[in-house]
Amino acid sequence: MHLVIPFASVLQTGVLQALPPLPNLETLIRLSGSTGQPVHGDELSPQMPHEHLLATLRGDLSDRPATAAWHAAQDGVATGQHAWMEITPIHLAVSTDQISAVWPNDLQDSESQVLWEQLSALFPENEGWLRAYGCATRWYVAHERCAGAVCASLDRVMGRSVDVWMPDAPQARFLRTLQNEAQMVLHGLAVNDEREARGTLPVNSVWFSGCGRAPPQQTPPAAKTYDALRLAAMQSDWQAWIDAWARLDSIELAAMVAMAQVGTPPTISLCGERSYIGITPKPRSWGRRIKQALSTKRPAAITTLEAL
């Protein structure tokens, strides 16, 4: 059993300190003895640590995993050896001090199909573009220009200011032009007017991510991903994030403690915004467990999460 936990830690001020006790995570960390050193530690990397970990588990060892090609293949797209890019419909919320990316609430497949049809003209087939519709929130294009484009993952930008993540590398500046053109196409569409009329956010922009050509052979990672923390963090709903951690500890991690106690040690990968770390509990003598339980040190769970 391998459980990958994206957004197990966040950099939002004060959120970690508001977590309730996590006794099962505490037990798993203490049973592991040592969690080793965090891997891939940079909060300014275009991809998130959990994306690098999952890519490694499926056989993509590149510095910039081609997540668009992988997602497209999972959505039934015949990706071949093309360089793909994922397009996500988003709402850009403008405030006095920043522009933030927000999920468009309850985007329906019928609405998404209309939006994608309108935007498809930006990627003409006679100029070498391939287009594919994945689902309501995932559209795909392929072109040789996507092979070297560096752009931040969706997980980096949702719920946050987009300024720092806008593509700026010379080979990716065409994405800024495409985004501006997409915003002009989306402006004033009837489907967006209808969404606003019923109190939902209009789709006024898109985000490009996951550019690249996937390795020829990849297999689904032999791991389960716990997504509740990720979904809460991407909506900046920190109370929901705290509640999700409490549920995770009381259910999934409690089951893992039970597995470890009967000699079937699981692996837990805690992934933050800078790095990830692996925990594999090992059976220990009762004497050592008691000694650890009596330790007056700061809770290992919080210390571990802060390092991510």
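Start with the largest cavity: about 50 Å³ of space lies inside it. Keep in mind as you look around that this is a predicted model. The structure holds three cavities of 30 Å³ or more, and this tour stops at the largest one.

To see its walls, select C151, P167, L175, R176, Q179, W207 and F208, which line the largest cavity. Now colour that selection by residue class. You'll get five nonpolar residues, one polar and one charged.

Which elements each supply at least two residues of this lining? Select α6 and β6 (205-212), and you have them. Of the lining, α6 gives the most, with three residues.

Stay with α6, since the next stop is there too. Show helix α6 (residues 174-186) together with helix α4 (residues 109-119). Two packed helices are described by the angle between their axes and the distance between the axes. Here the axes come within 10 Å and cross at roughly 125 degrees. That angle makes α4 oblique to α6, because it falls outside the 65 to 115 degrees that count as roughly perpendicular and is not over 145, where roughly antiparallel begins. Turn the view until one helix lies in front of the other: the crossing of α4 and α6 is right-handed.

Last selection: where do α4 and α6 meet? On the α4 side, pick L115, Q118 and L119. On the α6 side, pick A182, V185 and L186. Sorted by class, this contact has five nonpolar residues and one polar, with no charged residues.

Conventions
Residues are numbered from 1 along each chain as its sequence is written. This is a predicted model: local features need pLDDT of at least 70, side-chain atom pairs count only at pLDDT 80 or more; totals for chains, interfaces and linings use all residues. Side-chain values use heavy atoms; hydrogens and water are left out. Axes are lines fitted to C-alpha atoms, for helices over the stretch in contact, and angles run from 0 to 180 degrees between N-to-C directions. Helices (H or I, at least four residues) and strands (E, at least two) are DSSP runs, numbered from the N terminus. Angles under 35 degrees count as roughly parallel, over 145 as roughly antiparallel, 65 to 115 as roughly perpendicular and the rest as oblique. A crossing is left-handed if the near helix is turned anticlockwise from the far one by less than a right angle, and right-handed if clockwise. Contact means heavy atoms within 4.5 Å. Ala, Val, Leu, Ile, Met, Phe, Trp, Tyr, Cys and Pro count as nonpolar, Asp, Glu, Lys and Arg as charged, and the others, Gly among them, as polar. On a 1 Å grid over the protein atoms alone, a cavity is a set of points where a 1.4 Å probe fits but cannot get out, and a pocket is an open set with protein on both sides within 12 Å along at least five of seven lines; lining residues have an atom within 4 Å of a point. Grid points are joined across faces, edges and corners, and a volume is the space filled by probe spheres set on the points.
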